[in-house]
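Me: I'd like a close look at one part of this model, the largest pocket. Which classes of residue make up its lining?

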Amino acid sequence: MCRCSRGPHRSVGGGDVAKMVRWQYENNQGHARSFASTLVNGPVMGQESVWREACEVLKEGQRVREVEERLVAICGEEDWVVKKEWVKEDLDGMMGQAEYVFRTVKGGHGFLIDESACERVVETLVEEWKI
């Protein structure tokens with residue numbers, strides 16, 4: 001048994017993100033410290049200047065190539081960690097509404113766990129990027 005684990009490895013079925021998060025806190029003694037360290041030291045918060053620069057690079061690339069390939073942002077409708085309204089507001093301010101495509105799919109922060117959400121993401125990319 002791993003030293004960081006309080007119990008045997010168990011599968012968390014059904015794609016229930018809340019259960020997975022709870023399992024991590026209950027079974028991995030390092031999870032809370034790791035998560036806190038990410039918030040304190042990782043590039044999670046206060047990255048507006050980085051995102052603004054990335055948006056400028058994307059917009060310039062679109063102008064130079066003269067293509068209609070736009071950034072595609074996809075959020076979970078019920079995401080309580082990264083709210084769709086926040087993402088849209090930031091992109092509106094940094095890119096402008098005409099420069100990106102914004103879609104939502106059913107689900108929360110872990111929406112890619114759900115197969116139907118994954119299919120919708122792929123459909124959106126195929127449609128928007130004509131791939």
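Reply: Mostly greasy stuff, in your terms: the lining of the largest pocket has 16 nonpolar residues, two polar and two charged (Ala, Val, Leu, Ile, Met, Phe, Trp, Tyr, Cys and Pro count as nonpolar, Asp, Glu, Lys and Arg as charged, the others, Gly among them, as polar). This is a predicted model, where local features need pLDDT of at least 70, side-chain atom pairs count only at 80 or more, and totals for chains, interfaces and linings use all residues. Residues are numbered from 1 along each chain, and side-chain values use heavy atoms, without hydrogens or water.

Of the 20 lining residues, Val44, Trp51, Val82, Val87 and Asp90 lie nearest the pocket's centre (a pocket is an open set of points on a 1 Å grid where a 1.4 Å probe fits, with protein on both sides within 12 Å along at least five of seven lines; lining residues have an atom within 4 Å of a point). α3 (48-65), β1 (71-76) and α4 (84-94) each give two or more residues to that lining (DSSP runs, helices of at least four residues, strands of at least two). The volume is about 710 Å³.

The second largest pocket holds about 440 Å³, and its lining has ten nonpolar, five polar and no charged residues. Phe35, Leu39, Trp80, Val81 and His109 lie nearest the centre there, while α1 (17-27) and α2 (31-41) each supply at least two lining residues.

As for trust, the mean pLDDT (the predictor's confidence, from 0 to 100) is 80, with 85% of residues at 70 or more.

Definitions and conventions: Grid points are joined across faces, edges and corners, and a volume is the space filled by probe spheres set on the points.
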